[in-house]
Amino acid sequence: MAFSVFLVGASSTQAQPATQAQSATQAQSREHAQAEARATEDRRAVKDTIRSFFDALSAFDFRKVRALAAEDFTAIEDGTVLGLEKFVGAGQKLKKKGANLTYNLSDVEATVEGNVAWLVHKNSGVAETETRRQEIDWTESFVLRKEAGGWKVAMLHSTVKRRQ
């Protein structure tokens, strides 16, 4: 008889099926986790796009620069507004001079909202030719747009920090 009371009591404390409210909460939690995972992946992809953009600039790989830029790309370089071809043209002039460019990005912060992202970072680099070496520090911001081929740079704004 003690066993039957114990078993009856045990069966009444077994887990009950989740209520609709619990199911909805669990579904929302899963959706939130999936959205966070997508946002993390998008931020990583945006940062990777910018790093690839600077790698292409350093290598004077203008085909890749064009591939990473949106068709309506605009660069604002220390107050001068350039479309994609003028931006690439400036790079081609440096290449003809035999320049060597290095870029070091730091404090990279990316925000993604749907198919648009913006990124801010510090950039320190060196532009060097046989006769001249120039160390440069910039603060830069980018706007990127997610297109069929991935993230594309739509706008670059670069401000040179003046050395004291």
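This passage walks through the fold, the main pocket, the salt bridges and a few individual residues of a predicted model.

Starting with the overall layout, the protein chain comes to four helices and six strands. Read along the sequence, these run in the pattern α-α-α-β-β-α-β-β-β-β. Of the 164 residues in the protein chain, 27% are buried. The exposed surface comes to about 11000 Å², and carbon and sulfur atoms supply 53% of that area. As for how the chain meets itself, take the contacts between residues at least 6 apart in sequence: 51% of them join residues at least 24 apart.

Next, the pocket. The largest one has a volume of about 840 Å³. Its lining counts 31 residues, and those nearest the centre are L94, L101, A127, I136 and W138. Several elements chip in: helix 2, helix 4 (84–96), strand 3, strand 4, strand 5 and strand 6 (150–161) each supply at least two lining residues. By residue class, the lining of this largest pocket splits into 17 nonpolar, seven polar and seven charged.

On to the charged pairs. The structure holds nine salt bridges. One of them joins the side chains of K146 and D42, with an N to O distance of 3.1 Å. This pair ties together distant parts of the chain, since K146 sits in strand 5 and D42 in helix 2 (residues 20–58), 104 residues apart. The two partners fall into separate accessibility classes: K146 has a relative accessible area of 34% and is therefore partly exposed, while D42, at 14%, counts as buried because the cut-off for that class is under 20%.

A second salt bridge brings together the side chains of D107 and K122, at 3.4 Å from N to O. Here too the pair links distant parts of the chain, with D107 in strand 3 (residues 100–113) and K122 in strand 4 (residues 116–128), 15 residues apart. K122 has a relative accessible area of 43%, so it is partly exposed. R133 and E135 make another such pair, their closest N and O atoms lying 3.3 Å apart. E135 also comes out as partly exposed, at 43% relative accessibility. Beyond these pairs, E41, R44 and D48 are linked in a network of salt bridges.

Two residues deserve a look for their backbone. Most residues other than glycine have a negative phi. F60, although not a glycine, has a positive phi of about 55°. It lies in the loop between helix 2 and helix 3 (62–68). With a relative accessible area of 11%, F60 is buried. D78 is another non-glycine residue with a positive phi, in this case near 50°. Its place is the loop between strand 1 (69–77) and strand 2 (80–83). D78 is partly exposed, at 38% relative accessibility.

Finally, two residues show how strand 5 and strand 6 are placed in the fold. V143 lies in strand 5 (residues 133–147), and A154 is found in strand 6. Setting aside neighbours within four places in sequence, V143 is in contact with V116, A117, W118, K152, V153, A154 and M155. Two of these contacts can be placed in named strands: V116 falls within strand 4, which covers residues 116–128, and A154 belongs to strand 6. The C-alpha atoms of V143 and L119 are separated by 6.6 Å, with their positions 24 residues apart along the chain. V143 itself counts as partly exposed, at 28% relative accessibility.

Seen from the other side, the contacts of A154, again leaving out neighbours within four places in sequence, are A70, D72, F73, T74, V143, L144 and R145. Among them, V143 is a residue of strand 5, and F73 falls within strand 1, which covers 69–77. A longer step in sequence shows up with A69, which is 85 residues from A154 along the chain but 6.2 Å away in space, C-alpha to C-alpha. A154 has a relative accessible area of 10%, under the 20% cut-off, so it is buried.

Key:
Residues are numbered from 1 along each chain as its sequence is written. This is a predicted model: local features need pLDDT of at least 70, side-chain atom pairs count only at pLDDT 80 or more; totals for chains, interfaces and linings use all residues. Side-chain values use heavy atoms; hydrogens and water are left out. Buried means under 20% relative accessible area, exposed over 50%, partly exposed in between (1.4 Å probe, protein chains only). Contact means heavy atoms within 4.5 Å. A salt bridge is a side-chain nitrogen of Lys or Arg within 4 Å of a carboxyl oxygen of Asp or Glu. On a 1 Å grid over the protein atoms alone, a cavity is a set of points where a 1.4 Å probe fits but cannot get out, and a pocket is an open set with protein on both sides within 12 Å along at least five of seven lines; lining residues have an atom within 4 Å of a point. Grid points are joined across faces, edges and corners, and a volume is the space filled by probe spheres set on the points. Ala, Val, Leu, Ile, Met, Phe, Trp, Tyr, Cys and Pro count as nonpolar, Asp, Glu, Lys and Arg as charged, and the others, Gly among them, as polar. Accessible areas come from the Shrake-Rupley method with a 1.4 Å probe; for residues, only the protein chains shown count as cover.
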